[in-house]
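Biologist: I would like a close look at a single part of this structure, set in the context of the chain around it. Please take your time over it and tell me what can be read from the coordinates.

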2 protein chains.
Amino acid sequence: MQAKIITIGDEILVGQTVDTNATYIAKELNAIGIKVSEILSITDTEAHIIKSVDAAMEDNDFIILTGGLGPTNDDITKKVLTDYFDDELVLYPDILARIQEFFIGFNKPFLPVNKLQAMLPKKAEIIENDLGTASGMLFKKGKTLTFSMPGVPFEMKGLFAKFIEIVKSKYALGDFYHQTLLLAGIGESYLAEMIKDWEAISRDNGVGVAYLPSIGELKLRLTGTINQKEFIDQQIAYIQNTYPNYVVGNAEDKLENVIGELLLKTNKKLGTIESCTGGALAQKIVSVGGSSAYYEGSIVSYSYLLKENLVGVNKDVILKEGAVSEAVVREMAEKGRLKLGVDYCISISGVAGPDGGTEDKPVGTVWIAIATENITVAKRFNFGYNRSRNIQASVVAALNYLRLLMTNQI
Amino acid sequence: MQAKIITIGDEILVGQTVDTNATYIAKELNAIGIKVSEILSITDTEAHIIKSVDAAMEDNDFIILTGGLGPTNDDITKKVLTDYFDDELVLYPDILARIQEFFIGFNKPFLPVNKLQAMLPKKAEIIENDLGTASGMLFKKGKTLTFSMPGVPFEMKGLFAKFIEIVKSKYALGDFYHQTLLLAGIGESYLAEMIKDWEAISRDNGVGVAYLPSIGELKLRLTGTINQKEFIDQQIAYIQNTYPNYVVGNAEDKLENVIGELLLKTNKKLGTIESCTGGALAQKIVSVGGSSAYYEGSIVSYSYLLKENLVGVNKDVILKEGAVSEAVVREMAEKGRLKLGVDYCISISGVAGPDGGTEDKPVGTVWIAIATENITVAKRFNFGYNRSRNIQASVVAALNYLRLLMTNQI
């Protein structure tokens with residue numbers, strides 16, 4: 001079964017709004033085994049809506065539309081669809097009563113324009129919107145079911161949940177299956193080279209393989225049918241078991257959450273001493289709600305002076321080895337651990353760029369260390385020329401380094 | 001002139017990735033007067049790519065493609081486009097040399113698969129990717145220019161900037177004129193209400209007005225033709241002169257750069273003491289290259305203990321007033337200023353959420369203070385329920401607060 005998602009409205013086409021609705025709908029459809037063939041954003045003109053719906057009719061079982069259902073003049077979706085499906089708008093008294101109640105609840109005057117929201121297509125199935133005044137509309141033509149919803153995200157989500165229930169009850173779904181792993185510490189081409197036989201076996205078995213890279217991280221996804229579940233699970237387990245050093249978790253996991261769980265489970269406290277990343281590591285760690293249970297804080301010792309005065313790094317070591325050196329990150333981690341009173345202290349010092357590179361330590365050179373009560377480990381990385389990329393890559397590398405240390409993989 | 005954006009890759013269609021690339025591209029195209037007719041996300045199959053490009057050829061001057069240019073087997077865009085445009089892949093030695101250098105820079109082995117990245121269409125214009133190994137490719141057919149870029153956002157942005165320059169130099173887009181102001185500290189609807197007469201005058205003169213909000217900031221854009229330049233400049237100057245407290249600068253300015261320039265000009269040093277923002281403020285400040293000239297660093301005192309032990313906040317004050325209070329942020333800023341040895345010290349303490357709110361201090365309550373040698377100022381904000389939004393809004397508010405203080409507007 002296949003669906004096309006169509007988002008109506010100029011705000012996406014002028015780049016003012018990111019189309020998170022489409023992402024949400026796609027995820028939900030995939031979860032019940034409906035493949036999304038295309039996602040399309042169009043202007044709210046009659047010609048454009050008709051052309052797009054008409055084209056989608058050709059090869060889709062479902063067409064999901066969002067947007068253009070407001071009470072104002074520029075919202076034309078309802079009228080256009082009603083005409084397209086040879087339907088007519090009639091007053092639904094029960095919907096009108098509900099909308100009036102809605103306005104009373106919000107203590108707002110009920111305007112004539114709001115009554116229009118109860119004028120709905122006669123033959124379509126009307127899905128009540130519990131969170132707003134624009135109803136969902138379900139049109140049937142040939143084998144295709146077309147569902148139109150407002151674009152306001154929380155209203156859309158409420159209506160779409162109802163749509164999913166209707167679809168589940170009417171169709172035999174679930175022939176689609178996928179699994180995704182999150183990896184860190186390895187690039188796309190290296191992983192592909194390393195697992196090329198595994199990839200060939202997957203493809204030979206009709207299972208799709210996709211590499212989805214982001215800075216410092218990489219997702220590896222297998223896609224097939226429910227009949228291939230066992231094979232897909234086996235293939236995924238093989239990667240997990242063979243490369244635990246690279247595998248952070250499943251698609252829903254994030255490195256910062258995985259670290260958080262490890263720290264909570266072992267009842268350990270974390271602190272950080274940052275230089276070139278300038279607080280980005282701390283920021284990633286506290287992006288997890290509840291991180292105050294295991295994270296104490298950070299010293300962002302951006303200047304030499306703070307490294308010396310606040311962290312307590314030996315001035316002679318900085319002068320002799322330079323701030324970006326193994327000796328200095330080790331001191332930062334060790335002295336920092338005591339200053340912050342934590343079990344694990346991560347330190348980072350590097351040349352983020354664009355300036356400050358030397359032949360020995362070009363832009364992108366980053367030293368990361370982690371100190372515990374018993375041991376201090378340190379490693380040199382090189383992330384290349386882009387400042388913002390260096391900062392992000394350093395943060396991922398540091399968190400992954402901690403993950404490896406905490407899971408005894410260093 | 002009209003463009004269609006096509007995003008290639010399953011990650012969007014399965015709902016794993018939000019298509020922020022399309023939003024970025026749409027915004028940039030609109031800024032130079034190119035209208036986006038449609039945004040389409042498709043699977044990475046040959047048939048789908050060809051069908052979509054072919055359909056887009058009909059009525060678009062530009063087709064912008066992202067994705068499917070990686071070195072792995074699932075990336076087929078380059079091959080498909082090369083065939084579609086009757087071109088052939090040949091080795092570009094200079095690109096190969098650059099890619100090899102790239103790998104040397106990263107200190108990583110150069111794999112045979114990476115050499116494929118230097119195999120590029122012969123007739124197409126190749127746009128070098130300074131931030132990765134997949135080149136941009138510009139194909140011309142009839143009146144339509146098709147530009148293919150990798151989907152990794154920061155690589156895409158680098159390449160797309162080059163594309164924009166090419167388009168600007170080749171096409172007469174010059175009858176189009178726009179000016180944009182960056183504002184902070186005021187919301188969209190309040191600004192619109194405040195300047196409604198100004199907006200009406202702009203519209204009456206045929207000049208388009210757009211409000212482009214982001215978290216804590218707002219861009220105000222006027223769009224017209226080059227003949228309206230004088231009028232547009234006057235209108236912009238009016239806003240700048242009437243509301244200097246809200247106007248940060250032009251569209252290219254960023255709050256963190258404006259702060260940096262003010263600090264450099266006055267030869268002052270900045271430091272920060274953060275709690276709920278967890279390093280996000282420091283990170284924004286150091287995102288500016290060369291910020292080490294005026295930024296000393298930060299203490300991210302996420303826990304009570306660090307506020308007390310590291311910053312030196314009086315324990316009794318924390319216990320009596322709570323960590324999120326005027327008294328505590330004032331102490332954080334004042335004691336922090338001395339600890340960090342800086343001229344200006346910003347401190348932030350708030351309830352980022354999702355937990356930790358009380359009736360007095362609901363989630364979103366944030367106190368910000370700035371201490372100088374002579375004065376300490378403090379202000380309470382409320383940013384609402386979303387954790388990540390609270391953190392971002394706090395950072396913007398803190399930087400804007402410093403801007404106001406340094407320009408004698410507090």
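Modeller: What follows begins with one strand and its surroundings, and then moves outward to other places in the two chains and to the overall form of one of them. Please keep in mind throughout that this is a predicted model.

The part I have chosen is strand 3 of chain B, residues 62–66, which is mostly covered, since five of its five residues are buried. The side chains of B:Phe62, B:Ile64 and B:Thr66 point one way from this strand, whereas those of B:Ile63 and B:Leu65 point the other way, and every one of these residues is buried. In a regular strand, side chains alternate between the two faces of the sheet. What the burial adds in strand 3 of chain B is that the residues pointing one way and the residues pointing the other way are all covered.

Strand 3 of chain B has partners that can be named. Strand 1 of chain B, residues 2–8, runs parallel to strand 3 of chain B and is joined to it by five bridges, and within this pairing B:Ile5 has B:Ile64 as its bridge partner. Strand 8 of chain B, residues 144–149, also runs parallel to strand 3 of chain B, again with five bridges, and here B:Leu65 stands opposite B:Ser148.

The strand with these residue numbers in chain A allows a look at one side chain in detail. A:Phe62 lies in strand 3 of chain A, residues 62–66, and it counts as buried because its relative accessible area is 0%, where the cut-off for buried is under 20%. Which residues does A:Phe62 touch, not counting residues up to four places away in sequence? They are A:Met1, A:Gln2, A:Ala3, A:Lys4, A:Ile34, A:Thr144, A:Leu145, A:Phe163, A:Val167 and A:Tyr171. A:Phe62 and A:Thr146 are separated by 84 residues in sequence, yet their C-alpha atoms are 5.7 Å apart in space.

A residue in a helix of chain B makes a useful contrast. B:Ile50 belongs to helix 3 of chain B, residues 46–57, and it counts as partly exposed because its relative accessibility is 28%, a value between the cut-offs of 20% and 50%. Leaving aside neighbours within four places in sequence, B:Ile50 is in contact with B:Val80 and B:Tyr84. B:Leu111, by comparison, is 61 residues from B:Ile50 in sequence and 30 Å from it in space, taken from C-alpha to C-alpha.

Chain B also contains an antiparallel pairing, in which strand 10, residues 208–214, is joined by seven bridges to strand 11, residues 217–225. B:Leu212 has B:Lys219 in strand 11 of chain B as its bridge partner. Strands 10 and 11 of chain B form a hairpin with two residues between them, and B:Gly216 in the turn has a positive phi of about 80°.

Some backbone details deserve attention as well. Most residues other than glycine have a negative phi, and most peptide bonds are trans. A:Asn267, which is not a glycine, has a positive phi near 55°; its place is in the loop between helix 11 (255–266) and strand 13 (270–274) of chain A, and it counts as exposed because its relative accessibility is 68%. B:Asn408 likewise has a positive phi, of about 55°, without being a glycine. B:Asn408 is found in the segment after helix 16 (387–406) of chain B, and it counts as exposed because its relative accessibility is 70%.

As for peptide bonds, the one from A:Gly353 to A:Pro354 is cis, with omega near 5°, and A:Pro354 sits in the loop between strand 15 (344–350) and strand 16 (365–371) of chain A. In chain B, a cis peptide bond joins B:Gly353 and B:Pro354, with omega about 5°, and B:Pro354 is placed in the loop between strand 15 (344–350) and strand 16 (365–371) of chain B.

Finally, the wider setting can be described for chain A, which has 16 helices and 17 strands. Its radius of gyration is 28 Å, whereas a compact globule of 410 residues would have one near 22 Å, and its C-alpha trace spans about 85 × 55 × 40 Å along the principal axes. Of its 410 residues, 56% count as buried, and among contacts between residues at least 6 apart in sequence, 67% join residues at least 24 apart.

Definitions and conventions. Residues numbered from 1 in each chain as written. Chains lettered and ligands numbered in written order. Heavy atoms only, no water. Helix = DSSP H or I, 4+ residues; strand = E, 2+ residues; numbered from the N terminus. Rg over C-alpha atoms; globule rule 2.2 N^0.38 Å. Buried < 20%, exposed > 50% of the residue type's maximum accessible area, 1.4 Å probe, protein only. Contact = heavy atoms within 4.5 Å. Pairing = 2+ DSSP bridges.
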